[in-house]
Amino acid sequence: MEEDEISLWDYINVVRKEKMLIVSIFLVAIITATVYSFSLPNEYSSAAKLSYISNQKIPLTDAVEMLQSQAIIQKVASQKGVASQGDILSMLDNVKVENVKNTNQILIQLKGKNPDTMKEYFDLYVNVAVDEVNRISSENSQSDYSRLENLSIVYTKQRDEVSTEMKNKLIEEADLELRRLGNLTNITARLGSTDKQLDLVYRISELKEIKGGRTSSSAAQQMIASNQELSLLNSKLSSIDARLVDLETKELELKNLDTTMMELISPPTDPVEIGPKRTLNIAIAAVLGLFIGVFAAFFKNYLEESASG
């Protein structure tokens, strides 16, 4: 216990003895940190919020990447004079875009050192970014609409071809049956069967209608159902019709679709000062200066004792 007290007093004596060294280092650290902190330019921050409207073609993650793409930054720079482009590109490199967690909102932040030009450039950037993303969304929808139109043209052409083929096949089958029934008519007339003659006359009348181009009659449908080749053609035609109806529905949906993907819900705020944190820098320097001063005092004392010993 006595040794502990002696050691503690030794420490205190060293601090008292070298107090000028400790204070000097402490003051140098504070003065240096103060001069350095106040030599740094002020740093400002501004923020804006966008609302993302769900879009199957461009997911939220891709929209966030698009907003901070170099293409948009270059487009903003191109709207200013050549002399300002370097400043804009340098400032907008500090743009930070992120999705607000568990929401459909996107937060855009910009940090800079000149609040006046920062406000001007940031306003321009946000407006150009929103317009550009919405333009890309609109172009994607227009591209989809054109693709559907082209598909409709292809399927319509296929439908006409299949319909013509089926019609010709119906006429061909009707013509063959008319020839066969013509022979039966002569035989029935010789046999004197009036009922059969009436049935044949009615059937011949139906076949003549089919041969004349009326392929939608009940007789034509019966012929399609009883003929394998005609049934296959009819199934193909029904499939094409279903596809055309589906394409027409999708075209209508795209035509009425609002392609707006981004909306500005909170314009860029006025730049607020965020740094440098001068008080914190000076406080940290003061603590470090004190520790270094005390360490230097004990180290000096150690060297002196070693030399005298």
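Reader: What percentage of the 309 residues in the chain is made up of buried residues?

Author: Buried residues make up 31% of the 309 residues in the chain, where buried means a relative accessible area under 20%, exposed means over 50%, and partly exposed covers what lies in between (1.4 Å probe, protein chains only). The model is a predicted one, in which local features need a pLDDT of at least 70 and side-chain atom pairs count only at pLDDT 80 or more, while totals for chains, interfaces and linings use all residues. Residues are numbered from 1 along each chain as its sequence is written, and side-chain values use heavy atoms, with hydrogens and water left out.

Reader: How many helices and strands does the secondary structure come to, and what makes a stretch a helix or a strand?

Author: The secondary structure of the chain comes to 10 helices and 5 strands. Both are DSSP runs numbered from the N terminus, a helix being a run of H or I with at least four residues and a strand a run of E with at least two.

Reader: Why is Glu-251 counted as buried or exposed, and where is Glu-251 found?

Author: Glu-251 is found in helix α9 (residues 228–255), and because its relative accessibility is 15%, which is below the limit for burial, Glu-251 counts as buried. Leaving aside residues up to four places away in sequence, Glu-251 touches Tyr-145, Leu-148, Glu-149 and Ser-152, a contact being heavy atoms within 4.5 Å.

Reader: Which class does Thr-269 fall into by its accessibility, and why?

Author: Thr-269 has a relative accessibility of 36%, which lies between the two limits, so Thr-269 counts as partly exposed. Thr-269 sits in the loop between β4 (262–266) and β5 (272–275) and touches Ser-46, Ala-47 and Lys-119, residues up to four places away in sequence not being counted. The C-alpha atoms of Thr-269 and Ala-48 are separated by 6.5 Å, although these residues are 221 apart along the chain.

Reader: What makes strands β2 and β3 a pair, and in which direction do they run?

Author: Two strands pair if DSSP finds at least two bridges between them, and 4 bridges join β2 (residues 96–99) to β3 (residues 105–112), so the condition is met, with the strands running antiparallel. Within this pairing Asn-99 stands opposite Ile-106, and Lys-96 has Gln-109 as its bridge partner. Strand β1 (residues 43–52) is also joined to β3, by 8 bridges and likewise antiparallel, and here Ile-106 is the bridge partner of Leu-50.

Reader: What is notable about the phi of Asn-102, and why does Asn-102 count as buried or exposed?

Author: Phi of Asn-102 is near 60°, a positive value in a residue other than glycine. Asn-102 belongs to the turn of the hairpin that β2 and β3 form with 5 residues between them, and its relative accessibility of 72% is above the upper limit, so Asn-102 counts as exposed.

Reader: How is the span of helix α10 set against the expected one?

Author: The expected span of a helix is 1.5 Å times one less than its number of residues. Helix α10 (residues 278–308) has 31 residues and reaches 44 Å from its first C-alpha to its last, which is close to the expected 45 Å. The buried residues of α10 include Ala-285, Ala-286, Gly-289 and Gly-293.

Reader: Why is the arrangement of α2 and α10 called roughly parallel or roughly antiparallel?

Author: The axes of α2 (residues 19–39) and α10 come within 7 Å and cross at roughly 155°. That angle makes α2 roughly antiparallel to α10, because angles over 145 degrees are classed in this way, those under 35 as roughly parallel, those from 65 to 115 as roughly perpendicular and the rest as oblique. Axes here are lines fitted to C-alpha atoms, for helices over the stretch in contact, and angles run from 0 to 180 degrees between N-to-C directions.

Reader: Which angle do α8 and α9 pack at, and what is their arrangement therefore called?

Author: Helix α8 (residues 218–226) and α9 pack at about 105°, with their axes 5 Å apart, and they are therefore roughly perpendicular to each other. Among the residues making this contact are Met-223 and Ile-224 of α8 and Leu-230 and Asn-234 of α9.
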